[in-house]
Amino acid sequence: MVDVILGLQWGDEGKGKIVDYFAPNYDIIARFQGGPNAGHTLYVNGTKMVLHQIPSGIFHQDKINIIGNGVVLDPVTLKKECDAVASMGVDVKKNLFISERTNIIIPTHRALDKASELAKGESKIGSTLKGIGPAYMDKTGRNALRVGDLLNKNFISKYITLRMKHQKILDSFNFNDDISDMENEFFEALEFLKTMNIINCEYFINDQISKGKKVLAEGAQGSMLDIDFGTFPFVTSSNTISAGVCTGLGIAPKLINEVFGITKAYCTRVGSGPFPTELHDATGEELRKLGSEFGATTGRPRRCGWIDLVALKYTCMINGVTQIIMTKADILDSFKSLALGVAYEMEGKQIDYVPFQLVGTPVAPIYKQMQGWNTATTNMKQHGELPATMMTYINFINEYLGVPVKYVSNGPGRDQIVHI
Ligand code: GDP
Ligand code: IMO
Ligand code: MG
């Protein structure tokens, strides 16, 4: 049995916190896509931790955490993160497994990411510059180095071949940053990676499932950043949706049970690209301030706006979401009125679907206005305590999406969540 937790917007929905909250109900927590572009925040005994490569179940000592084949892995980030996690008393050598099919991000991937963004100028994606796009390009281009290759004698010669290939592209960009320090760090980190539990993930995970073990698949980014269904080309380079669980872990579709979709009570986006309900006014500024909306990976300010139900209905459909978890509801506590995007106006017509062309064609959101609850909710624990106005907001969302909001998260802490 496999359940999935994934983001329904443009990332940063609070997946880290929610995975950490649900982890006690599972035996295995597995990342299936993305890489160090992710920044998943959780609080461990009051200490803030941001995880980029390691699954968010790592602080539950008796759980197995897996970095799946669909992930792109930066050994340098992994090593730093393992050191940080180990310093908090976690035995990463015991609890963290890495698929031998996981693709490796090498230093020139990061250089290529930067060179490509510089060349795009104004039309840049706003990537995290972690080398994600180039690493996935080498996967589909069938050039990549994988974790299992590390154990082969010809690893270095394969590395040199790939690096030379990258150098030619970097030369064509006239990009000549010195990456020798990055390379030294990389080779040191590879020695560390070799000491980790490198496994055949697809046999392991299927064997565990057949023994009745429960798996929680942890998504990174969000569905509107999916390479196929997101706001292309302003997307990431992997399938962030539930289908990615099958290819990213080696799990058959019939094994997927619950799909928990995470949405903020409002909406944010970091990086470039369309965002129909974005607010460029004082309300947007207020959301950013109250929600501390700054990227967990890059520190960039996040763009903020109202919840977009058109996009959410689309991502619920694509993912087969069975229940919704609404996070950061407390950030709306002080708002007297709220708005929910319920349709788009495009070329003079009202539409209620996500069109092919969100990029380039201006789309104006049409809003449903609602009264805010204007009550402090962060200490509430029970469904019955939630303000009636909040329940009206939630019930409207339930009805629009046809999928129920089952949990409301009302603070960053592990225990700040209300089951509806
Ligand atoms: P992720 O990438 O989806 O894991 O999300 P991030 O960690 O990038 O961003 C979510 C931010 O919101 C983090 O700083 C969390 O600590 C915080 N957070 C998560 N849930 C809540 C919530 O319900 N209320 C508040 N105030 N903060 C939350
Ligand atoms: P988590 O898992 C928010 C965005 C970048 C950029 C685009 C492409 O924390 O939700 P990439 O580096 O992947 O090539 O960048 O995707 N992006 C994210 N935005 N949260 C993330 O991860 C993101 N990962 C990538 O800002 O717009
Ligand atoms: Mg994040």
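This is a conversation about two bound ligands, a pocket and a few notable residues in a predicted model.

Biologist: Happy to be looking at this one with you! Why is lysine 264 called buried or exposed?

Modeller: Lysine 264 has a relative accessible area of 0%. Buried means under 20%, so lysine 264 is called buried. You will find lysine 264 in strand β11, which covers residues 256-264.

Biologist: And what makes the pairing of lysine 264 and threonine 268 a polar contact?

Modeller: Their side chains are joined at 2.8 Å. The cut-off for a pair of N or O atoms is within 3.5 Å, so this pair qualifies as a polar contact. A polar atom of the lysine 264 side chain also lies 3.0 Å from the backbone oxygen of aspartate 12.

Biologist: Aspartate 12 sounds worth following. How do you know that aspartate 12 meets ligand 1?

Modeller: By distance: a polar side-chain atom of aspartate 12 is 2.9 Å from an oxygen atom of ligand 1. With the limit set at 3.5 Å for N or O atoms, that pair counts as a polar contact. Aspartate 12 also has a backbone N or O atom 2.8 Å from an oxygen atom of ligand 2.

Biologist: What else makes polar contacts with ligand 1?

Modeller: A polar backbone atom of lysine 328 is 2.9 Å from an oxygen atom of ligand 1, and a polar side-chain atom of aspartate 330 lies 2.8 Å from a nitrogen atom of the ligand. Taken alone, ligand 1 exposes 580 Å², of which the protein buries 92%. In total, 19 residues surround ligand 1, and the closest are Lys15, Gly39, Thr41, Asp330 and Ser409.

Biologist: Over to ligand 2, then. Which side chain has an N or O atom 2.6 Å from an oxygen atom of ligand 2?

Modeller: That is threonine 236. A polar backbone atom of glycine 126 is 3.3 Å from an oxygen atom of ligand 2; this is still within 3.5 Å, so glycine 126 makes a polar contact as well. The protein buries 97% of the 550 Å² that ligand 2 exposes when taken alone.

Biologist: How do the residues around ligand 2 divide by class?

Modeller: The shell has 8 nonpolar, 10 polar and 3 charged residues. There are 21 residues around ligand 2, with Lys15, His40, Thr128, Gln221 and Thr236 the closest.

Biologist: Now the second largest pocket. Which strand gives the most to its lining?

Modeller: Strand β3 does, with 4 residues. The second largest pocket holds about 570 Å³ of space, and 27 residues line it, those closest to its centre being Thr41, Gly291, Arg302, Lys328 and Pro412. By class, the lining has 8 nonpolar, 11 polar and 8 charged residues.

Biologist: Lys328 again! What is notable about the backbone of lysine 328?

Modeller: Lysine 328 has a positive phi of about 55 degrees although it is not a glycine. The residue sits in the loop between β15 (323-327) and β16 (337-346). Asparagine 45, in the loop between β3 and β4, has a positive phi too, of about 45 degrees.

Biologist: Why is asparagine 45 called exposed?

Modeller: Its relative accessible area is 75%, and exposed means over 50%, so asparagine 45 earns the label.

Biologist: One last thing: which residues does the cis peptide bond join?

Modeller: The cis bond joins phenylalanine 232 and proline 233, with omega at about 5 degrees. Look for proline 233 in the loop between β10 (215-218) and α9 (243-249).

Notes. Residues numbered from 1 in each chain as written. Chains lettered and ligands numbered in written order. Predicted model: local features only at pLDDT ≥ 70, side-chain atom pairs only at ≥ 80, totals over all residues. Heavy atoms only, no water. Near = heavy atom within 4 Å. Polar contact = N/O pair within 3.5 Å; in protein donor to acceptor, adjacent residues only side chain to side chain. Areas by Shrake-Rupley, 256 points an atom, 1.4 Å probe, with all protein chains shown as cover. Nonpolar A, V, L, I, M, F, W, Y, C, P; charged D, E, K, R; others polar. 1 Å grid on protein atoms, 1.4 Å probe; cavity = no way out; pocket = protein on both sides within 12 Å on 5 of 7 lines; lining within 4 Å. Points joined across faces, edges and corners; volume = space filled by probe spheres on them. Helix = DSSP H or I, 4+ residues; strand = E, 2+ residues; numbered from the N terminus. Buried < 20%, exposed > 50% of the residue type's maximum accessible area, 1.4 Å probe, protein only.
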